[in-house]
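Here are my notes on this one, in the order I'd go through them with the viewer open. Shout if any of them is unclear.

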Amino acid sequence: MTTGNAATPETDAFTRPYWDAAADGHLLIRRCGDCGRAHHYPREFCPHCWSDDVVWERASGRATLYTWSVVHRNDLPPFGDRTPYTAAVVDLAEGPRMMTEITGCAETDLRIGMALEVAFRGEEGAPAVPVFRPLLS
Ligand SMILES: [Zn+2]
């Protein structure tokens with residue numbers, strides 16, 4: 001592996017709080033102290049106003065489905081063993097848009113705008129990764 005893409009999340013000193021929280025079942029986002037906007041994925045500077053007054057914040061874990069695509073083939077490990085799966089973009093309740101995966105929902109039941117909640121998929125030797133499932137309320 002030569003890249004730090006989604007296949008195997010890399011942790012470093014900056015993102016360690018994010019992965020530590022994920023291991024405990026919490027999704028963290030970053031919020032700017034200057035403009036007040038939240039963002040995701042985590043960055044050291046606010047992508048909206050470039051302030052470095054940015055802190056970690058525990059997200060509610062609620063989101064709505066923006067769009068999705070069912071992936072039937074992916075040759076990049078470990079995704080090949082998981083197909084088909086639902087790659088998605090969701091809008092977090094706090095505002096940021098996030099690329100993720102939907103679990104626990106049949107393709108035919110997916111609806112734009114449907115309510116979702118975060119779940120975490122842990123795998124041997126790898127950080128827990130946030131995925132989303134239908135919100136049961
Ligand atoms: Zn800002």
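1. Let's begin with one residue pair. Thr-86 sits opposite Ile-102 of strand 6. The pairing behind it is between strand 5 and strand 6, which run antiparallel and are joined by six bridges. These two strands make a hairpin, with four residues between them. Have a look at Gly-95 in that turn: its phi is positive, about 120°.

2. A word on confidence before going further, as this is a predicted model. The average pLDDT over the protein chain is 91, and 93% of the residues score at least 70. The stretch to be wary of is residues 1–6, where pLDDT is below 50. Beyond near neighbours in sequence, that stretch has three contacts in the model. As a rule, coordinates predicted with low pLDDT should not be read in detail.

3. Now the overall layout. The protein chain has one helix and eight strands, and reading along the sequence gives α-β-β-β-β-β-β-β-β. The C-alpha trace spans about 40 × 35 × 25 Å along its principal axes. Does the radius of gyration of 15 Å agree or disagree with a compact globule? It agrees, because a compact globule of 137 residues would come out near 14 Å.

4. On contacts and burial: take the contacts between residues at least 6 apart in sequence, and 48% of them join residues at least 24 apart. Buried residues account for 20% of the 137 in the protein chain.

5. Which residues of the largest nonpolar core touch the most other members? They are Ala-63, Ala-88, Val-90, Leu-92, Leu-116 and Phe-132, out of 13 residues in that core. Two or more residues each come from strand 4 (62–71), strand 5 (85–92), strand 6 (97–102) and strand 7 (115–123). Strand 5 is the biggest giver, with three residues. In soluble globular proteins generally, nonpolar side chains tend to be buried together.

6. Leu-116 is a handy place to centre the view. Setting aside neighbours within four places in sequence, Leu-116 is in contact with Ala-63, Thr-64 and Leu-65, with Val-90, and with the run Phe-132, Arg-133, Pro-134 and Leu-135.

7. Next, the helix. Ala-22 belongs to helix 1, residues 16–23. Is Ala-22 buried or exposed? Ala-22 is buried, because 22 other C-beta atoms lie within 10 Å and the cut-off is 20 or more. Leaving out neighbours within four places, the contacts of Ala-22 are Phe-120, Pro-127, Ala-128 and Pro-130. One of these, Pro-127, is 105 residues away from Ala-22 in sequence, yet the C-alpha to C-alpha distance is 7.8 Å.

8. There is also an open sheet of three strands, in the order 2-1-3 with antiparallel pairing. Its edge strands are strand 2 (38–39) and strand 3 (54–58), each of which pairs on one side only. Strand 1 (residues 28–32) is joined to strand 2 by two bridges, and the two run antiparallel. Within strand 2, Ala-38 is the residue opposite Arg-31.

9. Last, the annotation. UniProt, in an unreviewed entry, puts "domain: ChsH2 C-terminal OB-fold" at residues 56–121. In the model, that span is 0% helix and 52% strand, and its end C-alpha atoms are 21 Å apart.

Note on methods: Residues are numbered from 1 along each chain as its sequence is written. This is a predicted model: local features need pLDDT of at least 70, side-chain atom pairs count only at pLDDT 80 or more; totals for chains, interfaces and linings use all residues. A nonpolar core is a set of buried Ala, Val, Leu, Ile, Met, Phe, Trp, Tyr and Cys residues joined through C-beta atoms within 7 Å. A residue is buried if 20 or more other C-beta atoms lie within 10 Å of its own, exposed if 12 or fewer, and partly exposed in between; C-beta atoms are placed from the backbone. Two residues are in contact if their C-beta atoms, placed from the backbone, lie within 7 Å. The radius of gyration is taken over C-alpha atoms; the globule rule is 2.2 Å times the number of residues to the power 0.38. Two strands pair if DSSP finds at least two bridges between them. UniProt positions are given in the numbering used here, feature names are shortened, and annotations may be inferred rather than shown by experiment. pLDDT is the predictor's confidence in each residue, from 0 to 100.
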